[in-house]
Amino acid sequence: MNAPASARADGKTVYTAWAGLPALREAIAEQLLRDKGVSFDPAHEIIVTAGAQAAMLTVTLALFDPGDEVLVPTPFYDEYRRDIMLADATMVPVPTLLEDNFEINPDVLEQAITPRTRAMILISPSNPTGATMGRSTLERIAAMAQRHDLLVIWDELYDRFVYDGFEHLSLAALPGMRERTVVINGFSKCYSMTGWRVGYVAAPREISDALLPIAHGMTICAPSVSQYAALAAITGPHDWFAAILSEYDRRRQLWMQALDSMGLPYGRPRVRTILCPTSAVPALPRSSSPGHYAKRAT
Ligand SMILES: Cc1ncc(COP(=O)(O)O)c(C=O)c1O
């Protein structure tokens with residue numbers, strides 16, 4: 001990839017706009033529209049961040065107040081817990097079950113809603129469980145979010161790693177959801193660019209306006225040379241990905257055969273090679289203060 005070397009040679013090593021290179025935001029908006037059927041304005045509704053990780057913390061700090069409850073299906077990517085704690089909000093774990101392949105049951109999710117519930121953080125395909133959400137589940141969740149006036153933080157970092165004919169759909173594309181969905185994605189997984197640190201948030205303008213000062217406060221902008229690399233990746237050909245996906249699928253099959261041969265139960269993964277045997281579900285505090293976080297964070 002020559003884009004970062006050219007960017008460095010051309011002296012493009014200075015701060016970019018807070019929200020990221022306009023050309024990169026435009027390319028992200030085009031990809032969201034083309035692949036997911038959801039339209040975000042690249043000038044005001046997309047913020048490039050230092051990875052999806054920074055995107056998630058930006059979102060929790062900007063949108064959650066102390067006392068807000070945030071639903072998170074378990075097992076979950078542990079950063080969600082830390083980010084919610086840092087916002088001094090309360091994470092409400094909502095169980096998913098091995099026998100359901102760790103797929104979310106919208107009824108169980110809805111039972112966890114209280115007057116303090118502000119949002120839910122959902123991921124499909126999921127790290128760590130490999131679970132996915134199909135159209136009917138997404139439609140039920142969309143109806144519920146609208147019924148209870150909830151925000152949905154929608155992590156789709158693994159959107160391209162789907163198998164068995166599963167088609168990834170974006171919750172933001174469902175009727176009535178664009179205005180209440182905060183999409184998080186990035187370049188780490190699909191483009192294998194973990195160390196470059198480029199991710200993004202796409203959200204309605206009112207929300208993006210609240211996110212931008214926090215994103216600026218954390219890193220001013222995502223690394224400039226990395227943004228040029230991301231721009232080259234997203235605007236370049238994508239035909240190489242089929243071979244990568246097929247290799248991950250091969251490894252997934254191997255893992256499943258190995259676990260089957262040992263008689264260990266697991267959720268059938270539809271994402272990368274992440275598998276979730278039953279013993280992986282941690283016990284959680286329902287609420288923790290930032291001081292508590294400082295003691296617990298590892
Ligand atoms: C679910 C999930 N969200 C966010 C991240 C952070 O990704 P990034 O490298 O883009 O910061 C990861 C990384 O593994 C992840 O698995």
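1. The centre of this predicted model is an open sheet of seven strands with mixed pairing, in the order S1-S7-S6-S5-S4-S2-S3. Strands, like helices, are DSSP runs numbered from the N terminus (E, at least two residues, for strands; H or I, at least four, for helices), and two strands pair if DSSP finds at least two bridges between them. At the edges stand S1 (46-49) and S3 (90-95), each of which pairs on one side only. Neighbouring strands are turned by 20° against each other on average, direction ignored; axes are lines fitted to C-alpha atoms, for helices over the stretch in contact, and angles run from 0 to 180 degrees between N-to-C directions.

2. Residues are numbered from 1 along each chain as its sequence is written. As the model is predicted, local features need pLDDT of at least 70 and side-chain atom pairs count only at pLDDT 80 or more, while totals for chains, interfaces and linings use all residues.

3. Strands of a sheet pair through backbone hydrogen bonds, either parallel or antiparallel. Both senses are found here: S5 (151-155) and S6 (181-186) pair in the parallel sense over four bridges, whereas S6 and S7 pair in the antiparallel sense, also over four bridges. Asparagine 185 has tyrosine 200 in S7 as its bridge partner. S1 and S7 run antiparallel and are joined by four bridges; isoleucine 46 stands opposite alanine 202 in S7.

4. Two helices that pack on the sheet deserve comment. H3 touches S1, S4 (117-123), S5, S6 and S7 (199-202), and its direction makes about 35° with that of S7. H7 (205-219) touches S1, S6 and S7, at about 25° to the direction of S1. Contact requires C-beta atoms, placed from the backbone, within 7 Å.

5. Both faces of S7 are covered: Gly199 and Val201 on one side, Tyr200 and Ala202 on the other, are all buried. A residue is buried if 20 or more other C-beta atoms, placed from the backbone, lie within 10 Å of its own. In H3, 12 of the 13 residues are buried, among them Gly51, Ala52 and Met56.

6. The length of H3 agrees with expectation, because 13 residues at 1.5 Å a residue should span 18 Å and its end C-alpha atoms are 19 Å apart. The expected span is 1.5 Å times one less than the number of residues.

7. Around the ligand stand residues including Gly51, Ala52, Gln53, Asp155 and Gly199, a residue being near if its C-beta atom, placed from the backbone, lies within 6 Å. H3 (51-63) gives the most to this shell, with three residues.
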